[in-house]
Amino acid sequence: MRVLVSGATGFVGEALVSGLLFKPCDVKALVRQISVGLPLAVEQVKVAGLSNSTDYTSALKDVDVVVHLAARVHVMNDDATDPLTVFRRVNTEGTLNLARQAAQAGVKRFIFLSSIKVNGEQTALDKPFSPDDRFIPTDPYGLSKYEAEQGLLALAAETAMEVVIIRPPLVYGPNVKANFSSMMKWVGKGIPLPLGSIDNQRSLVALDNLVSFIIQCIDHPKAANKVFLISDGEDVSTSELLRKVAQAFEKKSLLLSVPTSIMTFTAKLIGKGEVATRLFSSLQVDSSKAQDLLGWTPVTTMDEQLKKTAEAYLKNEKTL
């Protein structure tokens, strides 16, 4: 079996490529620049970028499965004049162009890494999102992923190519970037944080668990044309997560108990309302479909993955 991975040099992509090399399959990587970081066993195919005009003919030659990870990712402070148009250009039009060419090339299955933002931004406590929820997001990033999903499902109905859609919540693991990396830095340096009394519940997915699930979806017959939500299966509050991170660093957690109402008000005053929503609200997912239909179970626990993440962070700090 030959698998083409887009976004192969990204956070999830590098881990997936490494995992796939342990399977009986050949791996091709769709890249914008040839990378010395990918294993020599991986064939790299250079393309200009993800767009509605890119020609993927050479990349798709003899490919059985496409795992599409490349995307314009969500950022807190997007400086684009028209964010929705930019997100659509890459995440919707670029995705569907690749998928249509994949179907024409005889690719058997197209796996799309979407986002939990397609379901929404938050849940009521103990009312998790499910794959069958009907919701149209208004967030530009979430909407671009939703529209890509709809186009892929329509393509699956019109062609012989099967589609698998995976919507992960926050993904964490060694070399994680963005806000999770900042949190690791704060906790690792022992900075006191006013986040000791947050009473929410959030689902996360360890990088190792996400990679394991993607690999299971590559050839499992029951995954065809299905939508999955995926998580570690152990929801935590923001306060609990910070304590687990401190434990991974073998440090004492320095959390101050400040009322969330005060922190929310302050965050909105300084233009950080979206950050406050992520910190204080709940976002839970029901991943039972992945387990019941495909027989998938997590390959690591949150504590184990946080330990690996902390070790990688400390190693990177020493090399700087």
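The largest cavity in this predicted model has a volume of about 80 Å³. A search of the whole structure turns up just 1 cavity of 30 Å³ or more. Why look for such spaces with a probe? Rolling one the size of a water molecule over the atoms shows where empty space is left. As for what surrounds the largest cavity, the lining includes Trp186, Val187, Ile191 and Leu193, along with Leu242, Ala246, Lys251 and Lys252. Two elements, helix 5 (178–188) and helix 7 (238–248), each give two or more residues to this lining. Sorted by character, the lining residues come out as 8 nonpolar, 2 polar and 2 charged.

Next comes the sheet. It is an open one, built from 7 strands in the order 3-2-1-4-5-6-9, and the pairing is parallel. Strand 3 (43–46) and strand 9 (226–229) sit at the edges with a single partner strand each, so one side of each has no neighbour in the sheet. On average, neighbouring strands are turned by 20 degrees against each other, direction ignored. To zoom in on one pair, strand 1 (residues 2–6) and strand 2 (residues 26–31) run parallel and are joined over 5 bridges. Within this pair, Leu4 stands opposite Lys28 in strand 2.

Helices pack against the sheet too. Helix 1 (residues 11–20) touches strand 1, strand 2 and strand 4 (65–68), and its direction makes about 170 degrees with that of strand 1. Helix 6 (residues 207–219) lies across strand 1, strand 4, strand 5 (109–113), strand 6 (162–167) and strand 9. Relative to strand 5, helix 6 runs at about 160 degrees.

Notes:
Residues numbered from 1 in each chain as written. Predicted model: local features only at pLDDT ≥ 70, side-chain atom pairs only at ≥ 80, totals over all residues. Heavy atoms only, no water. 1 Å grid on protein atoms, 1.4 Å probe; cavity = no way out; pocket = protein on both sides within 12 Å on 5 of 7 lines; lining within 4 Å. Points joined across faces, edges and corners; volume = space filled by probe spheres on them. Helix = DSSP H or I, 4+ residues; strand = E, 2+ residues; numbered from the N terminus. Nonpolar A, V, L, I, M, F, W, Y, C, P; charged D, E, K, R; others polar. Pairing = 2+ DSSP bridges. Axes fitted to C-alpha atoms, helices over the stretch in contact; angles between N-to-C directions. Contact = heavy atoms within 4.5 Å.
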